[in-house]
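Q: Could you take me through one part of this protein in some detail? I'm new to reading structures, so plain words please.

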Amino acid sequence: MKALLATAALALVLGLSAGSAGAQAIKVGMAPEPYPPFASPDASGKWGGWEMEMIDALCAEAKLQCEVTMTAWDGLIPALNSKKIDAIINSMSITDERKKSIDFSDKYYNTPAGIIGSKDVKFDATTEGLKGKIIGVQVSTVHEAYAKKHFADSASEIKIYQTQDEAQADLAAGRVDAVQADSLSLATFLATDAGKACCDMKGDVAEDVEILGPGVGVGLRQGDTELKDKFNAAIKSLRDSGKYAEIAKKYFDFDIYGK
C-alpha cells in the first residue's frame with residue numbers, strides 16, 4: 001500500500017492520478033493547501049494522505065484517468081461549472097446550499113465538526129461557551145456557514161481565513177480564541193508540536209444537517225449522471241470489497257465512513 005500512496009503522490013506532482021490506460025479522462029479539482037491526514041505535501045513537495053489514496057482508488061475502480069488540477073478552495077465550484085474541472089474530491093460536504101449549483105455523489109466519509117481553543121481557557125462548543133470570543137473559520141466552508149448561523153449573535157467576531165492553516169496559526173498566536181473545522185482535521189493539528197503547545201479540543205458542535213450536510217461527496221456538474229453513476233458504483237464497490245477499510249485503517253482507528 002505504500003507503493004500505492006507513492007504512486008498517487010507522484011501522480012499529483014505530475015498532474016495525474018492513477019487510472020486505467022484508455023479510460024475516460026477527467027480533471028479532478030482540489031485545493032493546494034495542506035489538510036492532514038486527508039492531503040498534505042512531504043518535504044519534497046509530493047502529496048499524500050487518505051484522500052489522495054481515495055482519488056487513486058476511486059478513479060481506478062471507476063475506470064477513469066484522473067488529472068488532478070489544483071484550484072483555490074473558493075474557486076472549485078466555479079471551475080466545475082465552467083468545465084475547467086469535471087469533479088471535486090476535496091472533503092467537500094454535501095449541503096442543500098451547494099446542491100443549488102452542483103450535484104454530489106453518495107457520501108464517501110462523514111465526521112463531525114468541532115471547536116478547538118486555548119488550553120488555558122475553559123469553554124465548550126456551544127453558543128454560551130463561545131460568547132464574546134473571536135472564532136476563526138475557513139472561507140466558503142460549511143464551518144463558515146455554521147458559525148454565522150449559530151454563533152454570530154454571541155461571538156465578538158467571526159474571522160474568515162483563506163486556508164485552515166492560517167486560522168490555526170492565528171489561534172496558536174492568540175489572535176483568535178477558537179477555530180471551527182472538521183474534528184478529525186483539528187485533532188491532527190492538536191497532535192503537532194504547535195497544537196500541543198497551545199490548544200485543546202472543546203467539543204463537537206451541535207448537529208445541523210441543513211448546514212453541515214450528511215457527509216462528504218464527490219462534487220459534480222448538475223446533469224452529469226454518467227459520471228455520478230460511475231463514482232457511486234466505485235464508492236460502493238470499494239466498501240463491499242474491503243478496499244475502503246484497507247486504506248482507511250492506515251490513517252484512522254475508527255470508521256470514517258460514519259453512520
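Over residues 25–255, what share of the chain is helix and what share is strand, and how far apart are the end C-alpha atoms?

A: Sure! First, a note on the model: it is predicted, so local features need pLDDT of at least 70 and side-chain atom pairs count only at pLDDT 80 or more, while totals for chains, interfaces and linings use all residues. Residues are numbered from 1 along each chain as its sequence is written, and side-chain values use heavy atoms, with hydrogens and water left out.

Over residues 25–255 the chain is 33% helix and 25% strand, with the end C-alpha atoms 31 Å apart. Helices here are DSSP runs of H or I with at least four residues, strands are E runs of at least two, and both are numbered from the N terminus.

Now zoom in on helix α2, which has 12 residues (50–61). From first C-alpha to last it reaches 16 Å, close to the 16 Å expected at 1.5 Å a residue; that expected span is 1.5 Å times one less than the number of residues. 10 of the 12 residues of α2 are buried, so the helix is largely enclosed by the rest of the structure. Among them are Trp-50, Met-52, Ile-55 and Cys-59. Buried means under 20% relative accessible area, exposed over 50%, and partly exposed in between, using a 1.4 Å probe and protein chains only.

Just after α2, Lys-63 takes a positive phi of about 55°. Lys-83 has a positive phi too, near 65°, and sits in the loop between α3 (76–81) and β5 (87–88). At 62% relative accessibility, Lys-83 counts as exposed.
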